[in-house]
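Reader: I am in my first year, and I often meet labels such as buried or exposed without seeing what earns them. Could you take one model and explain the reasoning behind its labels?

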Amino acid sequence: MQRKTVRGVLPGLAILTFLTAGLTACTDGGGVGITSDAKAGDSAGAVAQPGKYRVLPMPCKAVDAKKVRAMLPAADTLTPEQRDALYAGVADASYDADRRVGCRWTAQTPTETRLLSVGFERVVSYNRATTSDDDKARQVYIRQLTDAHLPFPGPVSSPTPSPSQSASPSPAAGGGTSPSPGTSPSPGASASPSAPPELGSRVLEGLGNEAFLDDKLSAAGATAVQSRTVRIVFRTSNVIVTVEYSVQPALPGTGPGTVPPSGETQDKARQLAQALVDRFNE
């Protein structure tokens with residue numbers, strides 16, 4: 001009987017010794033559990049912060065109403081109700097109003113058609129372990145800048161230029177590039193003495209975190225009528241804003257001189273863009 005008792009006790013002692021040794025290994029010297037928690041904490045601390053903006057404003061109401069009226073003169077024949085509808089704008093269809101929204105306005109008179117649109121895109125990084133929302137938005141902005149054939153300004157904050165950027169034409173006067181077909185000539189281009197100088201596409205300073213302007217003057221067609229389209233793109237934190245303003249004379253045969261000069265059209269578009277920067281900074 002005594003031999004059976006010894007056999008019954010020894011397995012229990014072995015199990016107890018094994019559990020004690022395992023507990024000691026987890027808490028002694030190497031500190032496995034502590035090291036695991038520390039790594040998790042370090043990983044959480046390295047995650048980039050979300051962008052400043054979590055939602056987007058309603059685009060048709062976010063614009064400065066007075067500036068819209070100045071950019072889009074209404075025909076005298078419109079009724080008060082038609083004028084209100086014109087300046088209220090038409091919102092773009094959106095499947096996610098927290099990510100991308102826009103609004104459009106159209107004003108027609110007997111002599112011209114003017115189009116205005118604004119668009120807001122909130123950029124979100126899906127890998128914040130390596131890229132913040134702001135950094136992702138900057139990548140989107142740089143891609144649009146490159147598509148407009150404009151070089152990134154300054155070597156301090158610019159990323160390593162891609163082959164397409166390296167192949168871009170050298171900047172023209174005013175920070176833009178040599179005009180491509182269908183674009184306005186740069187300030188250094190020749191012009192008649194009576195005509196105001198044309199301001200070409202270029203990078204803008206002092207508008208949001210970074211911005212550029214793309215000015216295109218369409219070639220005259222069979223009707224000898226040109227149209228001008230000014231597009232301003234700027235980034236404010238993790239939101240990309242696009243303002244596009246087009247003017248097209250309606251009377252054929254009047255010639256390209258009826259198109260507003262670049263300075264006038266760009267100034268109106270930039271004033272509206274600055275008002276939107278102020279709106280986002282409120």
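Author: What follows is a set of questions and answers about this predicted model, in which each label is set against the cut-off behind it.

Reader: Before the single residues, how many helices and strands are there in the protein chain?

Author: The secondary structure of the protein chain comes to eight helices and seven strands, and buried residues make up 37% of its 282 residues.

Reader: Why is Gln49 called exposed?

Author: The word exposed is kept for a relative accessible area over 50%, and Gln49 has a relative accessibility of 61%, so it counts as exposed. Gln49 lies in the loop between helix 2 (32–46) and helix 3, where, not counting residues up to four places away in sequence, it touches Arg128, Ser132 and Asp133. Gln49 and Arg128 are 79 residues apart along the chain, yet their C-alpha atoms are separated by 7.4 Å.

Reader: What makes Ser117 buried?

Author: Buried means a relative accessible area under 20%, and the value for Ser117 is 14%, so this residue is buried. Ser117 is found in strand 3, and, with neighbours within four places in sequence left aside, its contacts are Cys103, Arg104, Trp105, Thr242, Val243 and Glu244.

Reader: Why is His149 called partly exposed?

Author: Partly exposed covers the range between the two cut-offs of 20% and 50%, and His149, with a relative accessible area of 49%, is therefore partly exposed. His149 is found in the loop between helix 6 (133–147) and helix 7 (163–166), and it has a positive phi of about 65° although it is not a glycine.

Reader: Ser237 also lies in a loop; is Ser237 buried or exposed?

Author: With a relative accessibility of 8%, set against the limit of under 20%, Ser237 counts as buried. Its loop runs between strand 6 (228–236) and strand 7, and its phi is near 55°, a positive value in a residue other than glycine.

Reader: How do you know that a disulfide joins Cys60 to Cys103?

Author: The rule asks for two cysteine sulfur atoms within 2.5 Å, and the sulfur atoms of Cys60 and Cys103 are 2.0 Å apart, so the pair counts as a disulfide. The pair links distant parts of the chain, since Cys60 is in helix 3 (residues 59–62) and Cys103 in strand 2 (residues 100–108), 43 residues apart. Both cysteines, Cys60 and Cys103, are buried, and the count by this rule comes to one disulfide.

Reader: Why is the disulfide of Cys60 and Cys103 called right-handed?

Author: The torsion about the S-S bond of Cys60 and Cys103 is about 100°, and the disulfide is therefore right-handed.

Reader: What makes a group of residues a nonpolar core, and how many residues does the largest one have?

Author: The residues must be buried, belong to a nonpolar set, and be joined through side-chain atoms within 4.5 Å. The largest nonpolar core has 36 residues, and those with the most contacts inside it are Leu72 and Leu116. Helix 8 (residues 262–280) gives the most to this core, with six residues. Apart from it lies another core, of 13 residues, among them Val123, Val140, Leu145 and Val203.

Reader: Which residues lie nearest the centre of the largest pocket?

Author: Of the 19 residues that line the largest pocket, Asp92, Arg100, Val101, Gly119 and Phe120 lie nearest its centre, and the volume of this pocket is about 320 Å³.

Methods: Residues numbered from 1 in each chain as written. Predicted model: local features only at pLDDT ≥ 70, side-chain atom pairs only at ≥ 80, totals over all residues. Heavy atoms only, no water. Buried < 20%, exposed > 50% of the residue type's maximum accessible area, 1.4 Å probe, protein only. Helix = DSSP H or I, 4+ residues; strand = E, 2+ residues; numbered from the N terminus. Contact = heavy atoms within 4.5 Å. 1 Å grid on protein atoms, 1.4 Å probe; cavity = no way out; pocket = protein on both sides within 12 Å on 5 of 7 lines; lining within 4 Å. Points joined across faces, edges and corners; volume = space filled by probe spheres on them.
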